[in-house]
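Work through the exercises below with the model open. Try each task before reading its solution.

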Amino acid sequence: MTENVGPIDASVNPRYSGIATFARLPRLEDVPRADIAVVGIPFDSGVSYRPGTRFGPSHVRESSRLLRPYNPAQDVSPFAIAQVVDAGDIPVNPFNITEAVDEVERAAKALGEQVRQIVTIGGDHTVALPLLRAVAAKHGPVAVLHFDAHLDTWDTYFGAPITHGTPFRRASEEGLIDLTASCHVGTRGPLYSKQDLLDDERLGFSIVSSEYIEEHGVEAGIERILQRVGDRPLYLSIDIDVLDPAHAPGTGTPEAGGLTSRELLRILRALSGRNIVGADVVEVSPAYDHAQMTGIAASHVVYELVTLLAAQNAR
């Protein structure tokens, strides 16, 4: 078996030099085969408040330069046990949301034929809908574990059915989601009315809110999450605004009272052994970031996801 190609050696080439692929990994076209691909979607035409997440993929890549090959928290060297690559960006139409969504779905399906799993860097949360379409076409309805300050199960904005606030409503209506095993984590803040919660439950989601984790602790939250998702094929969708603005200021719709980066990473690591079929990390908006705080948090989230997938593939 061909040895995996890992990141550029930082003892030979300084971390601040060279092309900023994720974690300084090889590009897809530079290796004969790949298991896991990190891909960007620079798209933010679905945002309802502050724009700028189209620059998220490049910002997260720049912020990932300090990542190293061994993950001690999971006791895994992900790049040694799996061929992980940076597949570049999916180019999409910034002026037509419907066309952009179709482009993402087609590209994700094509990339999914080359690799086992894809970890996507957004972009706004609109992209979760076409990514779920691609995953469900391969695996059937999946359990969705959605980390976010917001529900993202609203119906429309200004009459538009596909925006960054509606992807999981559309996904539920299209039969892409396992209605018995999906869950929001870290939700908080004001809603339009209590009807939002009733609609959300009908669409197939339970909730482990930020307030629940504050009151009962991370371990209690993990227990509820694991009981909910079970052993179903699992898709992880992580809006960086699940983190408190103190940890992730660079996002379009910040809400006070969120998770810490340490809490989020702990929850992700607890998913070891689950059947994860794909993931995204979205809503990083560099213009509102400070000292790469949000980019660094997002890059570490992607790193933990890649580690989970690499360990899963090695079993």
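**Exercise 1. Find how strand 4 is joined to strand 7, and place both in their sheet.**

Start with the pair. Strand 4 (residues 143-147) and strand 7 (residues 234-239) run parallel and are joined by five bridges. Strands count as paired if DSSP finds at least two bridges between them. Helices (H or I, at least four residues) and strands (E, at least two) are DSSP runs, numbered from the N terminus. One of the bridges links Val144 to Tyr235 in strand 7.

Now widen the view. The open sheet has eight strands, with parallel pairing, in the order 2-1-3-8-7-4-5-6. Strand 2 (84-89) and strand 6 (205-208) are at the edges; each has a single partner strand, so one side of each lacks a neighbour in the sheet. On average, neighbouring strands are turned by 15° against each other, direction ignored.

The model is predicted: local features need pLDDT of at least 70, side-chain atom pairs count only at pLDDT 80 or more, and totals for chains, interfaces and linings use all residues. Residues are numbered from 1 along each chain as its sequence is written, and side-chain values use heavy atoms, without hydrogens and water.

**Exercise 2. Which strands does helix 8 lie across?**

Take residues 218-229 as helix 8. This helix lies across strand 4, strand 5 (182-185), strand 6 and strand 7. Contact means heavy atoms within 4.5 Å. Against strand 6, helix 8 runs at about 165°. Axes are lines fitted to C-alpha atoms, for helices over the stretch in contact; angles run from 0 to 180 degrees between N-to-C directions.

**Exercise 3. Classify the ring pair of Trp154 and Tyr192.**

A search of the whole structure gives three aromatic pairs. Rings of Phe, Tyr and Trp (its six-membered ring) pair if their centres lie within 6.5 Å; planes under 30 degrees apart are stacked, over 60 edge-to-face, the rest tilted. For Trp154 and Tyr192, the centres are 5.7 Å apart and the planes at 85°, so the pair is edge-to-face.

Locate the partners. Trp154 is in the loop between strand 4 and helix 5 (167-173), and Tyr192 in the loop between strand 5 and helix 6 (195-202), 38 residues apart.

Check accessibility. Buried means under 20% relative accessible area, exposed over 50%, partly exposed in between (1.4 Å probe, protein chains only). Trp154, at 13%, is buried. Tyr192, at 61%, is exposed.

**Exercise 4. Where does Asp75 lie, and what is its phi?**

Asp75 is in the loop between helix 1 (56-63) and helix 2 (78-81). Its phi is near 55°, positive in a non-glycine residue. At 57% relative accessible area, Asp75 is exposed.
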